[in-house]
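I set out to record what I looked up in this structure, entry by entry. The topics are the nonpolar cores, the sheet, one loop residue and the surroundings of two ligands.

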Amino acid sequence: MFVNGGNLFFKRESIPPKLKPKSLLLCDLLVEGYNQIGCDALNVGAYDLSLGVDFLLDLEYKLRFPLISANLYDRHGRRYFRPYVLTEAAGVKVGIFGLIRPKLKFSRIPQGYKLAVRSPGQEAAEIVKELRANGAEFVILATDLNERSSRRVARSAPGIDLIVGTSRRNQISLPFKLNGAFVTHLDRGGKTIGHLEVSRAPDGTGSWKFHNRFVPLKVSIPDDPVVGPLVKATLAEIAKLQKADVASAAPEDDSACGKAYLGAEACGKCHPDRLKGWHKTAHSRAYETLVKDKRQFDEDCVVCHALVFECNNGRLDRENLRKFAGVQCESCHGPGSVHAETRGQAAMDTGRVCTRCHTPERSEIDNFMARIQQICPTPDTSASRP
Ligand code: HEC
Ligand code: HEC
Ligand code: HEC
Ligand code: HEC
């Protein structure tokens, strides 16, 4: 079986207009991809509502798999989606129900005023009873609740066998068993697949045995022959959109921020050795990596592979992408204007400067501080006051 806890179609609570075309293309891709792969149930997560509930209801017609949500209602107490599905796997009757997290920011969701969300715990208790009464032998909750709320639901609604959540970075403490429920959460963004084997415990009590694995989707895993080309086509389409957008954007003006960036070459006037050293590092070529990938105008990538600042229009533009390509001196040391004011006391949170970009899912590098010689080589004996 294949179950998803939600937040599939979009990645944020509300989508700014400039990201809408890209988001729609990605959403179409996900619909087609999931239709191809097949899915037993997809819970409606908070982010799935970021273009409004009507958008999702329209989208439902294109889906060849069910959307579920037990606790999402309209203002008249009617559910928008079916609360659960009853299906069968290996001769076992399986009930899958969905819960959305209750604290939605209704004002940020288009037509958010139409929505009402009921308490997950209470709703779960009722639905589990109904599922059991309808013959479900195994009950799954698919949800975008965080780990703490999932615990609460497991406590207040006995009879859940499995909770599949979608929550960032809490695999470390997972999975665990609580009040009979096996609780597991997956990272967002399709970086990992959860693989769970369930079997009857041999003790004859009718209880279940679980064997859980998280499978990271590494680039070395070959693409699906059908979905792979779909992904490529969509990325090419998005790249075209972004290229046009970048070409038409007026250069971002940093003076409005009250701070100004100089670029590595300018720093190099007084720190020539550092500049020379920097040119030898992968950081100085990080933007070329994106060019090779044809992702050089994608804001999801340039934020770490170039120095991007937002002051006025918040759009990427050609001039600044050229000037601030790669991981710049100022990506680590902060804006040069601050340096000028403080006469060399550039503020840097040395402990955190690397992990901002070297997140665990992106980079296997550790021991950052031991690498400083490598990424910002000394000696710099030639720094001189103008
Ligand atoms: C006009 C010359 C000049 C320019 C341009 C310049 N610096 Fe400096 N920088 C200095 C001098 C002088 C010092 C003090 C050197 C010393 O004390 O050995 C310094 C010190 C530093 C230090 C050490 C800070 C500290 O806390 O002592 C850092 C980091 C630094 N500069 C980064 C940069 C960066 C990044 C840029 C480009 C945005 C830059 N500098 C541009 C002259 C300059
Ligand atoms: C603004 C984002 C950003 C910051 C901040 C950053 N890095 Fe990087 N780093 C990158 C990117 C992007 C690459 C990959 C460059 C490429 O090859 O395209 C990289 C590559 C590297 C590499 C080379 C890896 C290799 O395979 O050769 C090392 C080492 C490294 N970073 C260390 C550090 C350290 C240490 C810090 C903190 C002092 C740091 N980085 C801060 C984005 C960043
Ligand atoms: C959160 C920051 C971040 C974002 C966002 C990001 N990257 Fe990176 N990227 C890195 C870091 C850090 C490395 C270096 C990894 C290492 O060697 O440890 C890297 C390395 C790479 C590499 C391998 C470089 C090499 O030759 O070894 C490629 C390719 C790449 N990124 C492409 C992308 C693309 C495409 C996107 C957008 C979809 C993207 N990155 C978004 C931080 C980021
Ligand atoms: C990937 C992050 C990163 C990049 C890029 C980077 N640096 Fe550094 N730099 C550091 C770190 C970390 C240190 C060590 C700071 C410390 O120990 O407090 C350092 C040290 C320095 C120092 C000496 C500071 C001191 O206290 O003595 C200077 C000057 C400097 N960098 C200038 C530059 C210049 C100029 C560039 C660009 C050509 C550059 N750095 C690029 C991270 C970076």
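**Entry 1: nonpolar cores.** I worked from a predicted model. I looked up the largest nonpolar core first and found that it holds 46 residues. The members that touch the most other members are Ile-68, Ile-96, Ile-140, Leu-141 and Ile-160. I then listed the contacts of Ile-160, setting aside neighbours within four places in sequence: these are Ala-124, Val-128, Val-139, Leu-141, Ala-154 and Ala-181. Another core, of 20 residues, lies apart from the largest one, and its members include Ala-286, Tyr-287, Ala-325 and Cys-332.

**Entry 2: the open sheet.** I next examined a sheet of three strands, which is open, runs in the order S1-S2-S3 and has parallel pairing. Strands S1 (3-4) and S3 (67-68) are at the edges with a single partner strand each, so one side of each has no neighbour in the sheet. I checked the pairing of S2 (residues 41-43) with S3 and noted two bridges in the parallel sense. For Leu-42, I recorded Leu-67 in S3 as the bridge partner.

**Entry 3: Arg-118.** I located Arg-118 in the loop that lies between strand S7 (115-117) and helix H3 (120-133). Is this residue buried, exposed or partly exposed? I counted 17 C-beta neighbours inside 10 Å, and Arg-118 is therefore classed as partly exposed; a buried residue would need 20 or more. Not counting residues up to four places away in sequence, Arg-118 touches Asn-71, Tyr-73 and Glu-123. Tyr-73 is 45 residues from Arg-118 along the chain, yet I find their C-alpha atoms separated by 7.6 Å.

**Entry 4: ligand 2.** I found 21 residues around ligand 2, of which Ala-282, Ala-286, Thr-289, Cys-354 and Cys-357 are the closest. Ala-286 also appears in the core of 20 residues. Helices H8 (286-293), H9 (299-305), H11 (329-333) and H13 (372-375) each supply at least two residues of this shell. H13 gives the most, with three residues. By class, I recorded twelve nonpolar, six polar and three charged residues.

**Entry 5: ligand 3.** I found 17 residues around ligand 3, with Arg-295, Cys-301, Cys-304, Cys-357 and Ser-363 coming nearest. Cys-357 is likewise among the closest residues to ligand 2. H8 and H9 each contribute at least two residues to the shell around ligand 3, and H9 has the largest share, with five. I recorded its classes as six nonpolar, five polar and six charged residues.

How values were computed
Residues numbered from 1 in each chain as written. Chains lettered and ligands numbered in written order. Predicted model: local features only at pLDDT ≥ 70, side-chain atom pairs only at ≥ 80, totals over all residues. Pairing = 2+ DSSP bridges. Helix = DSSP H or I, 4+ residues; strand = E, 2+ residues; numbered from the N terminus. Core = buried A, V, L, I, M, F, W, Y, C linked by C-beta atoms within 7 Å. Buried ≥ 20, exposed ≤ 12 C-beta atoms within 10 Å, placed from the backbone. Contact = placed C-beta atoms within 7 Å. Near = placed C-beta within 6 Å. Nonpolar A, V, L, I, M, F, W, Y, C, P; charged D, E, K, R; others polar.
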